[in-house]
Amino acid sequence: MVINCQSICIKCGKQRVVVKTKKERLNSSWVYTTITACPDSECQKLVDAMLNKEKAVRSKIIENQEREKVLRDKRRRRSHRRKVVAVQTKK
Ligand SMILES: [Zn+2]
């Protein structure tokens with residue numbers, strides 16, 4: 001069963017209204033994204049703040065993961081370069 005959480009406000013439980021529909025191209029197919037908002041604008045502000053906070057936390061985690069990946073790649077590349085240099089000096 002698929003529960004569409006987007007259609008119900010997570011804060012007050014009211015039926016959310018569709019603000020706009022976005023059409024995005026994703027992997028050579030069109031994806032429709034509906035943007036919904038709480039009919040209560042004050043409530044929507046709170047929900048937005050909550051989601052933004054969550055998004056910030058998530059992007060921080062992704063940022064850290066990316067940094068780790070870059071460091072790992074750098075380390076790998078450095079050891080690879082050392083090997084290449086060793087081969088070149090032999091000639
Ligand atoms: Zn609400």
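1. Two strands are taken to pair if DSSP finds at least two bridges between them, and this is the sense in which the hairpin of E1 and E2 is discussed in this note on a predicted model. In that hairpin, two residues stand between the strands, and Asn-27 adopts a positive phi near 50°.

2. On overall architecture, the protein contains one helix and two strands, and their order along the sequence gives the pattern β-β-α. The strands are E1, residues 17-26, and E2, residues 29-37, while the helix, H1, covers residues 41-90.

3. On confidence, the mean pLDDT of the protein is 86, with 82% of its residues at 70 or more. Helix H1 is where confidence is lowest, at a mean of 88, whereas the highest value belongs to E1, at 90. As a general caution, predicted coordinates should not be read in detail where pLDDT is low.

4. On strand pairing, E1 and E2 run antiparallel to each other and are joined over nine bridges. One pair of residues can be named for a reader who wishes to follow the register in the model: Thr-21 has Thr-34, in E2, as its bridge partner.

5. On the turn, both Asn-27 and Ser-28 lie in the loop between E1 and E2, and their backbone angles deserve a careful look. Asn-27 has a positive phi of about 50° although this residue is not a glycine, and Ser-28, likewise a residue other than glycine, has a positive phi near 60°.

6. On the surroundings of these two loop residues, Asn-27 counts as exposed because it has 5 C-beta neighbours inside 10 Å, where the cut-off for an exposed residue is 12 or fewer. Ser-28 is exposed as well, with 5 other C-beta atoms within 10 Å.

7. On burial more broadly, how many of the 10 residues of strand E1 are buried? The number is zero, and therefore E1 lies largely in the open; a residue would need 20 or more other C-beta atoms within 10 Å of its own to be called buried. Across the protein, buried residues make up 4% of the 91 residues.

8. On contacts, if one considers those in the protein with a separation of 6 or more, residues 24 or more positions apart account for 36% of them. This figure may be set beside the β-β-α order of the elements and the nine bridges between E1 and E2 when the model is examined.

Technical notes:
Residues numbered from 1 in each chain as written. Predicted model: local features only at pLDDT ≥ 70, side-chain atom pairs only at ≥ 80, totals over all residues. Helix = DSSP H or I, 4+ residues; strand = E, 2+ residues; numbered from the N terminus. pLDDT = per-residue confidence, 0-100. Contact = placed C-beta atoms within 7 Å.
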